[in-house]
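Take a moment with the sequence and the 3D view. This short report walks through the side-chain contacts, charge by charge and ring by ring.

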Amino acid sequence: MTDHLLSGVEPDPAGDAGHPDAPPRAGFFTDTSVCIGCKACEVACKEWNALPEDGLSLTGMSYDNTQGLGASTWRHVAFIEQSAPSPEGRTELPLADGRGSGGTGGPGGPDGPDGSGGSGGDLRWLMASDVCKHCTHAACLDVCPTGSLFRTEFGTVVVQEDICNGCGYCVPACPYGVIEQRPSDGRAFKCTMCYDRLGAGQEPACAKACPTESIQFGPLDELRERAALRVDQLHAAGVTDARLYGHEPTDGVGGDGAFFLLLDEPEVYGLPPDPVVTTRDLPAMWRHAGAAALSLLGGAALSFAVPALKHLARTTGRKAWR
């Protein structure tokens, strides 16, 4: 491993991984402002990837009963319930094609059940489809001892389940808490960005199934340009809280292959505000460990050398006296 792979800008992850003629890096742009929480992406992901049913955690607190990403949930639609301002002070969110959406959503809001807009203090829902970020600097790749995790020609990160030994090193290494071991056999699983579909020239199942185009798939550079224009559109409409997350190549993970447009702080969506690749300091740690080891070896050698030299001096002195 080198510093180049663990920090700073890495513009060509696929090329650095040994794919010299790789296509443009592929990615996801998830525009949460048009997510309707239908969970079609969750269903499509499970169906295409033949993921096992992992149960419903009926919390009684939300329509979000899958609660988070896991070994058998590679797409997760979060329902974040917030206390919303009065309808009079609420800004209508424009759709991606410029038409109005009627509001930010939620019961009692402008597009609530009765269409009346409700009263001040009602809840609003922020909905967002979460997924593996396919980081530029992926710590899970750095710590995998078997090579089960690898970088594809599309710049994505995939787990080869057949050679995963279940060590679990990748789980704490992920700064987003995405990858997880399946309890039945201990192997790690996560989103592959439908690697098999990409190889056949198709888009991932989740993006194909999304009815509002909240999940957009394509070349990462094009998605970043499209996302910047979308943020400008929302700001012009008065949605000043709109911001991009994971799009910046100079952030702590070198930019994500799956990034998001959010309508609130990242923490509200359960995302770390300033993610950093957990193996960033490994080169410096190895250098310090090497220096410490050399110092210990030097000290040990010296501890043996000094008595030997003293003994030699005493022996030589006695022989010279005789």
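Is Asp264 buried or exposed? Asp264 counts as buried, because its relative accessibility is 16%. Keep in mind that this is a predicted model.

## Charged pairs

Asp264 has a charged partner. Its side chain meets that of Arg124 in a salt bridge, with N to O at 3.8 Å. Asp264 lies in the loop between strand S10 (258-262) and helix H9 (282-321), and Arg124 lies in strand S3 (residues 123-130), so the pair ties together parts that are 140 residues apart in sequence. Arg124 is buried too, with a relative accessible area of 15%.

The count of salt bridges comes to 7. The table shows some of them, including the pair just described.

| Acidic residue | Basic residue | Closest N and O atoms |
|---|---|---|
| Asp264 | Arg124 | 3.8 Å |
| Asp130 | Lys133 | 3.0 Å |
| Asp185 | Arg187 | 2.7 Å |

How do the other pairs sit? Both Asp130 and Lys133 are buried. Asp185 counts as partly exposed, at 37% relative accessibility. Its partner Arg187 also counts as partly exposed, at 24%.

## Rings in pairs

A pair of aromatic rings is described by the distance of the centres and the angle of the planes. The count here comes to 5 aromatic pairs. Phe28 and Phe217 form one of them. Their centres are 6.1 Å apart, with 65° between the planes, and the pair is edge-to-face. This pair links distant parts of the chain. Phe28 is in strand S1 (residues 26-31) and Phe217 is in strand S8 (residues 215-219), 189 residues apart. Phe28 is buried, with a relative accessible area of 0%. Phe217 is partly exposed, with a value of 24%.

How are the rings of Phe29 and Phe259 arranged, and why is the pair called stacked? Their centres are 5.2 Å apart and their planes are at 20°, so the pair is stacked. It also links distant parts of the chain: Phe29 is in strand S1 and Phe259 is in strand S10, 230 residues apart. Phe29 is buried, with a relative accessible area of 1%. Phe259 is buried as well, with a relative accessible area of 0%.

Rings can also gather in a group. Phe150, Phe154 and Tyr195 form one aromatic cluster.

## Charges over rings

Some rings have a charge as a partner. The charged end of Arg75 sits over the ring of Phe28, 4.7 Å from the ring centre. Phe28 is thus a residue to look at twice: it pairs with Phe217, and it lies under the charged end of Arg75. Elsewhere, the charged end of Arg197 sits over the ring of Trp48, 4.6 Å from the ring centre.

## The nonpolar core

Which residues touch the most other members of the largest nonpolar core? They are Phe28, Leu149, Leu261 and Tyr269, and the core holds 61 residues. Now look around Leu149. Leaving out residues up to four places away in sequence, Leu149 touches Cys140, Leu141, Cys144, Val157, Val158, Val159, Cys170, Ile179 and Lys190.

## Cysteines without bonds

How many disulfides does the model have? The count comes to 0. Cys41 shows why: its sulfur is 6.4 Å from the closest cysteine sulfur, in Cys38, which is too far for a bond. The cut-off for a disulfide is 2.5 Å between the sulfur atoms. Cys41 counts as buried, at 6% relative accessibility. Cys144 is in no disulfide either, and the nearest cysteine sulfur, that of Cys167, is 6.1 Å away. Cys144 counts as buried, at 18% relative accessibility. It is also one of the residues that Leu149 touches.

## A short helix residue

Last stop: Ala209. Where does Ala209 lie? It lies in helix H7 (residues 205-209). Ala209 is partly exposed, with a relative accessible area of 29%. Its contacts, leaving aside neighbours within four places in sequence, are with Ala40 and Ala44. The C-alpha atoms of Ala209 and Cys45 are separated by 9.1 Å, although these two residues are 164 residues apart along the chain.

Methods. Residues numbered from 1 in each chain as written. Predicted model: local features only at pLDDT ≥ 70, side-chain atom pairs only at ≥ 80, totals over all residues. Heavy atoms only, no water. Salt bridge = Lys/Arg side-chain N within 4 Å of Asp/Glu carboxyl O. Helix = DSSP H or I, 4+ residues; strand = E, 2+ residues; numbered from the N terminus. Buried < 20%, exposed > 50% of the residue type's maximum accessible area, 1.4 Å probe, protein only. Contact = heavy atoms within 4.5 Å. Phe/Tyr/Trp six-rings, centres within 6.5 Å; stacked < 30°, edge-to-face > 60°. Lys NZ or Arg CZ within 6 Å of the ring centre and 35° of its normal. Core = buried A, V, L, I, M, F, W, Y, C linked by side-chain atoms within 4.5 Å.
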